[in-house]
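Q: I would like to learn how to read cavities, helix packing and sheets from a set of coordinates. Could you take me through this one, feature by feature?

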Amino acid sequence: MKVAVVGKPSSGKTTFFSAATLVDAEISARPFTTIKPNHGTAYVRAPCPCKELGRPCNPRNSKCEDGVRLVPVQVVDVAGLVPGAHDGRGMGNQFLADLADAQALIHVVDASGRLDTEGNAGNGDPVADAEMLENEVDYWMLGILKKGWSGVARRIEMHQTTLEEAIQKQFSGLGVSLEDAKEVVRSLGMSFTEDESELFRLVSSLRKKCKPIAVAANKMDLPSASAGLEALNATGRFVVPTCAEAELALRRAAQKGLIRYVPGASSFEVVGGVPEQQGKALGFIASLLGQFGGTGVQELVDKVVYDFLGLIVVYPVEDETHWCDKKGNVLPDAFLLPNGSTALDLAKKVHTEVAEKMKGAVDCRTRRKIGKDHVLRNNDVVRILV
Ligand SMILES: Nc1nc2c(ncn2[C@@H]2O[C@H](COP(=O)(O)OP(=O)(O)O)[C@@H](O)[C@H]2O)c(=O)[nH]1
Ligand SMILES: [Mg+2]
C-alpha cells in the first residue's frame, strides 16, 4: 500500500511527509527543495484483535501499541508540481513517474492562499490548485495513452484486442485493472477514438479510479486558511484540514520525551522540563488542537485508507484457536485489502503458492469453514486451509 504526497512547491508536502513518517527530510520555504523523492512509512490504526484474545500479540509486518494495531503504509514525497509539469516544466515528468505505483494521492494544498502557482509569496487560490493538479495528472495520463494509440485501431479491427484491453495495457504501470477500463468505457459509452477531447474524458475518469486524490487543506493555523477550506469543501472534494507543521513539532517533541502525544489525539501532556521558547510554541499548538480537535495529519492518513479507498484490515493466521502462525507468533500479520475482497484474495496476498494450494478457509471467530469466495469483513481473523 502506497500513497504519494503531491502539490505545488512550498505547500508543505515535505512537512506533511515528515510529520506522517518521522523521516528527516529537508523542509524550506524555497520552491523545489525536494528534487529526489523521499520515502517513508506512515501507519494507519485499527483495534487489534489481541485484546479479544486476551493474549499479547507478536506483530511482524506491523506494530501494536496498547491494543491498537498500526498497519504500515508507504508514503512518497515528490517534487513540487507547477502548471505545465506534464510538458516538462519545473521538475516535470520525472516527478509524475514517481506517482505511478501509488494507490492514492494526498494533495497538500496551501489553504491560506498565500502562495502563487509556482510556490512563491503571492496570491493563491486553493480550488484552482486542486484543479491544476488534476489537470496535470490527466495530461500526463493522456500522453501515456497516446503512445502507439493509432496502432490499436487496427488491432481492434482484426480482433486481436479490445478497447478495454488496450486501455488496461497502456496503463498497466499505473495500476489500472481491466475492470476499471471496462467500467469507464461503459459509463462513457465510448468506442475507439483518436479525438483528443474524447481521450481526455477517458483519462480523467480513469484517473479518479487509479489515482484518487484526497486534499489536505494545509496551514490551518493561518487565519486566511478558513476561507480556503470552505471553498474546497464546497467543491465536494475529499478534504481534511491539516496543520502539518504542528504535527511535526508534536511528534518531534514526543520523540525527545518532552511530551506524551499519540498521533491523531486532540491533546498532549507535557512531561519533562520544556525550554521557554518551546513552551510557547507548544502553548500555541495546544490552542490549535483545541480549536480543530487535532492536527489532521493522522486523521487524513486513516481516512484515506479506510474511508476514501475503503480498505479493510484482515489478519491471516495458521491456528484458528490460538490465532498464531506455525512458530507461535500471535496475530503476526495485518493486511490491508480492498473492501469486497475474498478469502482467496487474502491467500494471494499471503503467497501465490498458498493461493494455488488453497482448499478453503476458517473464520477464526466463529470457527466456521468458509469458501474461497467468502467475502471478508474488516477485522476478520482467517486461517487459510491448504
Ligand atoms: N504556517 C504553516 N506553515 C507550514 C505548514 N506546513 C508547512 N509549512 C511551511 O511551509 C514551508 C514549505 O514547507 P515544505 O514542507 O518544505 O514544502 P514543500 O515544498 O511542499 O515540500 C516551510 O516554511 C514550512 O515550515 C503549516 O501547517 N502551517
Ligand atoms: Mg518538499
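A: The dialogue below goes through cavities, then helix pairs, then a sheet, and it should be kept in mind throughout that this is a predicted model.

Q: How does one look for enclosed space, and how many cavities of 30 Å³ or more are found here?

A: The general idea is that rolling a probe the size of a water molecule over the atoms shows where empty space is left. In this case a search of the whole structure gives two cavities that reach 30 Å³ or more. The largest cavity has a volume of about 50 Å³, and the second largest cavity has one of about 40 Å³.

Q: Which residues line the largest cavity, and which element gives the most to the lining?

A: The lining of the largest cavity consists of M220, P241, T242, C243, L288, L289, F292, G294 and T295. Helix α11, which spans residues 276–292, gives the most to this lining, with three residues. Read by class, the lining of the largest cavity holds six nonpolar and three polar residues, and no charged ones.

Q: What lines the second largest cavity, and how do its lining residues divide by class?

A: Around the second largest cavity one finds G7, K8, S11, H107, V108, V109, D110, D129 and M132. Two or more of the lining residues are given by each of β5 (104–110) and α4 (126–146), with β5 providing the largest share, four residues. The lining of the second largest cavity comprises three nonpolar, three polar and three charged residues.

Q: How should I describe two helices that pack together, taking α4 and α9 as a case?

A: Two packed helices are described by the angle between their axes and the distance between the axes. For α4 and helix α9 (residues 225–234), the axes come within 8 Å and cross at roughly 50°, and the two helices are therefore oblique to each other. In the contact, P126, V127 and A130 of α4 meet G228, A231 and L232 of α9. The residues of this contact of α4 with α9 are five nonpolar and one polar, with no charged residue.

Q: At what angle do α1 and α12 pack, and which residues meet?

A: Helix α1 (residues 13–21) packs with helix α12 (residues 297–308) at an angle of about 80°, their axes being 10 Å apart, so that α1 and α12 are roughly perpendicular to each other. From α1, the residues F16, A19 and A20 meet V297, L300 and V301 from α12. The contact of α1 with α12 has six nonpolar residues, and neither polar nor charged ones.

Q: Turning to the sheet, what is the strand order, and which strands lie at the edges?

A: A sheet can be read by its strand order and pairing before its details. Here an open sheet of five strands is arranged in the order β11-β10-β14-β12-β13, with mixed pairing. Its edge strands, each pairing on one side only, are β11 (335–338) and β13 (368–370), and from one strand to the next the twist averages 45°.

Q: How do β12 and β14 run relative to each other, and which helix lies across β12 and β14?

A: Strand β12 (residues 360–363) and strand β14 (residues 381–385) run antiparallel and are joined by four bridges, and A361 stands opposite I384 in β14. Helix α13 (residues 343–350) lies across β10 (311–317), β11, β12 and β14, and runs at about 135° to β11.

Methods. Residues numbered from 1 in each chain as written. Chains lettered and ligands numbered in written order. Predicted model: local features only at pLDDT ≥ 70, side-chain atom pairs only at ≥ 80, totals over all residues. Heavy atoms only, no water. 1 Å grid on protein atoms, 1.4 Å probe; cavity = no way out; pocket = protein on both sides within 12 Å on 5 of 7 lines; lining within 4 Å. Points joined across faces, edges and corners; volume = space filled by probe spheres on them. Nonpolar A, V, L, I, M, F, W, Y, C, P; charged D, E, K, R; others polar. Axes fitted to C-alpha atoms, helices over the stretch in contact; angles between N-to-C directions. Parallel < 35°, antiparallel > 145°, perpendicular 65-115°, else oblique. Contact = heavy atoms within 4.5 Å. Pairing = 2+ DSSP bridges.
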